[in-house]
Amino acid sequence: MSEGDKRIICRRCHENISMTLGTCPHCGAEIKGLKGPATMVIIGLVVLVPTVMEGMWWLAVVGLALLFGGGYFIYDKRTRMKRAEPGQTAPVESPEPESEAEA
Ligand SMILES: [Zn+2]
């Protein structure tokens, strides 16, 4: 198991690609890191905790949205990384039409 070459399933064309490339060699989709989503989760927490304590629920909802949004991105990325691992024989051929373009 080599730690250096992390692989992931491309979100757009579902090819097994290396994360070190930055962009997908098949379709050119950007391979985004986890920094953005992780930042969303952290900001979500930072917003959520004090607003809940202060009873500012409308702002707490914003924090929750950030938390779940970032959490979803991380979950999605981890899932695609797992599927890209050699030895994983999960069925890749399920081309769900993803209308959500990358943000
Ligand atoms: Zn691709």
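Just after helix α1, G55 adopts a positive phi of about 80 degrees. This feature belongs to a predicted model, in which the protein chain has a mean pLDDT of 83, with 81% of its residues reaching 70 or more. Among the elements of the chain, helix α1, spanning residues 35–54, has the lowest mean pLDDT, at 91, whereas strand β2, spanning residues 16–18, has the highest, at 93. Where pLDDT is low, predicted coordinates should not be read in detail.

The protein chain contains two helices and two strands, and from the N terminus on these elements follow the order β-β-α-α. Of the 103 residues in the chain, 14% are buried. When contacts between residues at least 6 apart in sequence are considered, 36% of them join residues at least 24 apart.

A second positive phi, of about 65 degrees, is found at H14, although H14 is not a glycine. H14 is located in the loop between β1 and β2, and this residue is classed as partly exposed because 19 other C-beta atoms lie within 10 Å, the threshold for a buried residue being 20 or more.

Helix α1 comprises 20 residues and extends 29 Å from its first C-alpha to its last, which is close to the 28 Å expected at 1.5 Å a residue. The buried residues of α1 are P37, M40, V41, G44 and V47. Viewed down the axis of α1, these buried residues fall within an arc of 145 degrees, so they line one face of the helix. In an α-helix there are 3.6 residues a turn, so residues three or four places apart point the same way. The face of α1 turned away from the buried side carries the exposed residues K35, T39, V46, V49, M53 and E54, while the cover over the buried residues of α1 includes helix α2.

Helix α2, which runs through residues 57–84, has 28 residues and reaches 40 Å from its first C-alpha to its last, close to the 40 Å expected at 1.5 Å a residue. Within α2, the residues G63, L66, G70 and A84 are buried, and the buried residues of this helix pack against β1 (residues 7–9), β2 and α1.

The relation between the two helices can be followed through individual residues. L59, which is found in helix α2, is in contact with V47 and T51 when its neighbours within four places in sequence are left aside; of these partners, V47 is among the buried residues of α1. The C-alpha atoms of L59 and L48 are separated by 7.4 Å, although these residues stand 11 places apart along the chain. L59 itself is partly exposed, because 15 other C-beta atoms lie within 10 Å, a count that falls between the limit of 12 or fewer for exposed residues and that of 20 or more for buried ones.

L64, also placed in helix α2, touches G44 and L48, not counting residues up to four places away in sequence, and G44 is likewise one of the buried residues of α1. L64 and L48 are 16 residues apart in sequence, and their C-alpha atoms are 6.5 Å apart in space. With 17 other C-beta atoms within 10 Å, L64 is partly exposed.

From the side of helix α1, in which I42 has its place, a further pairing can be described. I42 and G70 are 28 residues apart in sequence and 8.8 Å apart in space, C-alpha to C-alpha. G70 is one of the buried residues of α2, whereas I42 is partly exposed, with 13 other C-beta atoms within 10 Å.

Terms used. Residues numbered from 1 in each chain as written. Predicted model: local features only at pLDDT ≥ 70, side-chain atom pairs only at ≥ 80, totals over all residues. Helix = DSSP H or I, 4+ residues; strand = E, 2+ residues; numbered from the N terminus. Contact = placed C-beta atoms within 7 Å. pLDDT = per-residue confidence, 0-100. Expected span 1.5 Å × (residues − 1). Arc of directions from axis to C-beta.
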